[in-house]
Amino acid sequence: MVMISLTGWMHGSELGEGIFGTAWRDGRLTDRDVSLLSPDAFVPDMDRRNLMNAILAASVGVAGLGMAVPYISFFVPAGSGGGGAGVVAKDALGNDVTTAGWLATHNAGARELVQGLKGDATYLIVNDDKTIANYGLNAVCTHLGCVVPWNAAQGKFMCPCHGSQYNAEGKVIRGPAPLSLALAHADEVDGKVVFSTWTETDFRTGEAPWWK
């Protein structure tokens with residue numbers, strides 16, 4: 001059969017269009033042409049091909065969704081979660097902050113950053129009597145959101161972005177920042193430092209907390 005077909009194709013001018021017909025000359029083979037080349041070959045009908053295409057598309061879609069979920073979640077900021085419940089403070093390496101461990105490596109008067117509520121940078125304060133203060137300070141400037149460093153030499157927080165300043169307790173003492181640094185409760189639970197939302201009156205201003 002193949003030899004006859006090839007002969008027909010080679011002498012198309014004598015045998016009409018030959019066994020491959022005009023489809024071969026256009027660079028395409030029809031289902032009929034394939035069946036002629038191999039009588040036992042299986043050629044799926046249109047319904048079966050549509051079904052296989054649908055299964056393939058669904059498989060690709062599921063795989064793509066599986067990769068998209070972690071990709072999208074990567075861009076969700078840590079600060080978008082709730083901060084009402086207690087959160088264990090984390091150090092720069094992501095380890096839980098313990099009271100004993102922190103006091104062993106930090107002197108009285110220290111104000112060092114840890115990870116606090118909503119993943120925000122928060123100052124953990126060591127009192128003059130070598131105890132951890134019962135509050136932490138959110139390090140985000142209330143002007144435009146810069147992280148405010150502690151200047152130990154001058155005894156205050158000084159924002160490098162636009163010059164705002166806060167005293168040792170985080171109360172704003174110089175603009176353009178309009179508000180004091182947000183407070184968080186800092187308590188010891190099972191030997192670890194735990195932050196929780198401050199909902200009481202701001203002891204620095206005597207006013208309700210603006211961050212509620």
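# A tour of the predicted model, starting at N167

Select N167: beyond its neighbours within four places in sequence, this residue makes contact with K156, F157 and I173. The structure on screen is a predicted model. N167 belongs to the loop that runs between strand 7 (165-166) and strand 8. With a relative accessible area of 23%, N167 is partly exposed; the cut-off for a buried residue is under 20%. Add S180 to the selection and display the C-alpha atoms: those of N167 and S180 lie 9.2 Å apart, with the two positions 13 residues apart along the chain counted as their separation.

## The sheet around strands 7 and 8

Next, select the two strands that flank N167. Strand 7 and strand 8 run antiparallel and are joined by two bridges. Within this pairing, Y166 has V172 of strand 8 opposite. Now widen the selection to the whole sheet, an open one of four strands in the order 5-6-7-8, paired in the antiparallel sense. Its edges are strand 5 (150-151) and strand 8; each has a single partner strand, so one side of each lacks a neighbour in the sheet.

## From strand 8 to strand 9

Follow the chain out of strand 8 (172-174) into the loop that leads to strand 9, and stop at P176. The peptide bond from G175 to P176 is cis, its omega being near 15°. Most peptide bonds are trans, and most residues other than glycine have a negative phi. Both halves of that rule are useful on this tour, as two lysines further on will show a positive phi.

## The six-stranded sheet

Continue into strand 9 and select the sheet that contains it. Here six strands form an open sheet in the order 1-10-9-4-3-2, with antiparallel pairing. Strand 1 (87-88) and strand 2 (111-115) are the edge strands, and each has a single partner strand, so one side of each has no neighbour in the sheet.

Two pairings within this sheet merit a closer view. Strand 9 and strand 10 (residues 192-197) are antiparallel and joined by six bridges. To locate one of the paired positions, select D187, whose bridge partner in strand 10 is V194. Then move to the pairing of strand 2 with strand 3 (residues 121-126), which is antiparallel and extends over five bridges. There, E112 has L124 of strand 3 as its bridge partner. With side chains displayed, one general rule helps in reading any regular strand: side chains alternate between the two faces of the sheet.

## Two lysines with positive phi

Which residue takes a positive phi in the hairpin of strand 2 and strand 3? Select K118: this hairpin has five residues between its strands, and K118 has a positive phi near 60°. K118 is not a glycine. At a relative accessible area of 38%, K118 is partly exposed.

Select K130 next, in the loop between strand 3 and strand 4. K130 is likewise not a glycine, and its positive phi is about 65°. The relative accessible area of K130 is 35%, which places this residue in the partly exposed class.

## The largest pocket

Return to K118 and display the surface around it. The largest pocket has a volume of about 340 Å³. It is lined by 16 residues, and K118, D120, N138, A182 and W211 are the closest to its centre. Strand 4 (132-138) and strand 9 (183-189) are the elements that give two or more residues to this lining. Colour the lining by class to see 10 nonpolar, four polar and two charged residues.

## The whole chain

Finally, zoom out to the full protein chain, which has five helices and 10 strands. Of its 212 residues, 28% are buried. Among contacts with a separation of 6 or more, 41% are between residues 24 or more positions apart.

Colour the chain by pLDDT before closing the session. The average is 77, and 60% of the residues score at least 70. Select residues 1-25, where the pLDDT is below 50; this stretch has 25 contacts in the model beyond near neighbours in sequence. Then select residues 65-83, over which the pLDDT stays under 50 and for which the model has eight contacts beyond four places in sequence.

Terms used
Residues are numbered from 1 along each chain as its sequence is written. This is a predicted model: local features need pLDDT of at least 70, side-chain atom pairs count only at pLDDT 80 or more; totals for chains, interfaces and linings use all residues. Side-chain values use heavy atoms; hydrogens and water are left out. On a 1 Å grid over the protein atoms alone, a cavity is a set of points where a 1.4 Å probe fits but cannot get out, and a pocket is an open set with protein on both sides within 12 Å along at least five of seven lines; lining residues have an atom within 4 Å of a point. Grid points are joined across faces, edges and corners, and a volume is the space filled by probe spheres set on the points. Ala, Val, Leu, Ile, Met, Phe, Trp, Tyr, Cys and Pro count as nonpolar, Asp, Glu, Lys and Arg as charged, and the others, Gly among them, as polar. Two strands pair if DSSP finds at least two bridges between them. pLDDT is the predictor's confidence in each residue, from 0 to 100. Contact means heavy atoms within 4.5 Å. Buried means under 20% relative accessible area, exposed over 50%, partly exposed in between (1.4 Å probe, protein chains only).
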